[in-house]
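Here is my note on the model you sent over. Have the viewer open while you read, and click on each residue as it comes up.

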Amino acid sequence: MSGASELKKKLKVLNSTYKIVRVTELATLGKLSYLREKAEAAVSYYETILKSLNWMKKTMYLMPDEAKVKRVTAIVITSERGLCGAYNSEVFSQIDQLIQDLGNEVTIDWVVIGEQGNRYLQSLDQEVKANLQLKLEEITVETTIAITEDLIKQIVNQETDAVYVIFTKYLNAVNSEAMYEKIYPSLSAEQENDAKEFDYILDYEEEDEEIEKLLLENYLCGLLYSMFCYSVASEYCMRRIAMKQAKDNISDQISDVIFKTKKKELNQKTSELLDIISGAQSIRKDE
């Protein structure tokens with residue numbers, strides 16, 4: 001009886017877990033459509049801004065000499081909690097890659113969004129300059145402007161030589177890619193080549209540093225907001241996939257437990273029946 005009791009207890013736990021996972025999946029699906037549309041709307045804007053910023057850097061006073069980069073700011077975008085598959089672990093691998101690529105001679109000021117990223121950096125003994133207590137899905141343009149203004153102050157005061165963002169780029173409903181992007185002062189060689197294909201009508205007085213600062217702030221704000229949109233859509237997509245896999249796995253376990261329970265009950269009934277038959281045969285022999 002103890003074996004059957006244990007199976008029934010396990011079945012009860014699995015059914016309870018299945019309901020929790022199902023509710024989480026439905027809650028994720030409820031937000032996913034809106035977030036996915038938001039991320040897809042940011043795609044062309046994101047690409048255009050990257051190319052435009054690369055074009056702007058050629059005439060900007062605020063762009064430092066890349067050979068003299070000694071201190072950088074790295075913004076890390078992770079989730080506040082788990083239950084989203086490999087989403088955080090892929091971001092962690094990009095953190096490791098950035099540290100390796102920059103080397104020991106560069107000081108990194110880490111700015112973290114998401115408790116998972118904060119914990120990982122602490123495990124690496126990396127000093128976190130700012131842990132922004134923000135829910136990724138609740139970040140607005142106004143929030144992004146505040147973050148950007150702080151970055152601009154650091155750039156103007158020459159407190160940082162470069163700005164990197166580690167985020168997860170949304171590709172489609174089932175695919176995302178974790179990466180790090182250098183958004184100041186320059187972009188990749190591939191993006192530089194792409195920038196040459198665009199015609200620009202932007203014109204301003206080069207000596208007017210206030211206009212330059214305003215332009216840079218708008219570009220960085222647009223980039224960051226697009227990256228936030230990418231990351232939150234990617235997180236929810238990967239959470240939905242993780243919940244579906246977990247649900248399917250639990251469903252398989254439930255089927256297995258039900259089969260074992262029925263088999264156990266059948267074996268028990270068979271055993272009892274054999275005992276009755278054996279007892280009846282013994283009584284008949286005695287008679």
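The points below go from the whole chain down to single residues.

1. **What you are looking at.** First things first: this is a predicted model. The chain has six helices and five strands. Starting from the N terminus, try ticking them off in the order α-β-α-β-α-β-α-β-β-α-α.

2. **The chain as a whole.** Of the 287 residues in the chain, 43% are buried. The accessible surface adds up to about 16,400 Å², and carbon and sulfur atoms account for 50% of it. Now think about contacts between residues at least 6 apart in sequence: 79% of these link residues at least 24 apart. Keep that in mind when we get to the pairs further down.

3. **The largest nonpolar core.** Which residues touch the most other members of the largest nonpolar core? They are I77, L136, V165, I183, L224 and F228, out of 30 residues in that core. At least two core residues come from each of strand 1 (71-77), strand 2 (107-113), helix 4 (141-156), strand 4 (162-170), strand 5 (176-184) and helix 6 (209-286). Helix 6 is the top contributor, giving twelve residues. There is another core apart from this one, with 19 residues, including V91, V106, V112 and Y120.

4. **L136 up close.** Pick L136 and look at what surrounds it. If you skip the neighbours within four places in sequence, L136 is in contact with I77, T78, Y87, I113, F228, S231, V232 and E235. Two of those names, I77 and F228, also appear with L136 among the core residues that touch the most other members.

5. **The second largest pocket.** L136 turns up again here, as one of the residues lining the second largest pocket. The rest of the lining is T78, S79, E80, R81, G114, L134, K135, E137, E235, Y236 and R239. How many of the lining residues are nonpolar, polar and charged? The split is three nonpolar, three polar and six charged. The space in this pocket is about 160 Å³. If you wonder how such a space is found, rolling a probe the size of a water molecule over the atoms shows where empty space is left.

6. **Helix 3 and what it packs on.** Helix 3 covers residues 115-123, and its buried residues are E115, Q116, G117, N118, Y120 and L121. Those buried residues pack against strand 1, helix 2 (87-102), strand 2 and strand 3 (128-132). Y120 is also named as a member of the 19-residue core.

7. **Two positive phi angles.** After helix 3 comes D125, with a positive phi. Its value is near 60 degrees, and D125 is not a glycine. You will find D125 in the loop between helix 3 and strand 3. Is D125 buried or exposed? D125 counts as exposed because its relative accessibility is 72%, and the cut-off for exposed is over 50%. Q158 is another non-glycine residue with a positive phi, this time about 55 degrees. Q158 sits in the loop between helix 4 and strand 4. With a relative accessible area of 69%, Q158 is exposed as well.

8. **C229 and its distant partners.** C229 belongs to helix 6. Why does C229 count as buried? Its relative accessible area is 4%, and buried means under 20%. From C229 to T168 there are 61 residues in sequence, yet the C-alpha atoms are 9.6 Å apart. K169 is 60 residues away from C229 along the chain, with 8.9 Å between their C-alpha atoms.

9. **Two lysines to compare.** K169 is part of strand 4, while K153 is part of helix 4. K169 has a relative accessible area of 16%, so it is buried. K153, at 53% relative accessibility, counts as exposed. K153 has a far-off partner in sequence too: K213 is 60 residues along the chain, and their C-alpha atoms are 9.7 Å apart. Have a look at both lysines in the viewer, and then go back to the contacts in point 2.

How values were computed
Residues numbered from 1 in each chain as written. Predicted model: local features only at pLDDT ≥ 70, side-chain atom pairs only at ≥ 80, totals over all residues. Heavy atoms only, no water. Core = buried A, V, L, I, M, F, W, Y, C linked by side-chain atoms within 4.5 Å. Buried < 20%, exposed > 50% of the residue type's maximum accessible area, 1.4 Å probe, protein only. Helix = DSSP H or I, 4+ residues; strand = E, 2+ residues; numbered from the N terminus. Contact = heavy atoms within 4.5 Å. Areas by Shrake-Rupley, 256 points an atom, 1.4 Å probe, with all protein chains shown as cover. 1 Å grid on protein atoms, 1.4 Å probe; cavity = no way out; pocket = protein on both sides within 12 Å on 5 of 7 lines; lining within 4 Å. Points joined across faces, edges and corners; volume = space filled by probe spheres on them. Nonpolar A, V, L, I, M, F, W, Y, C, P; charged D, E, K, R; others polar.
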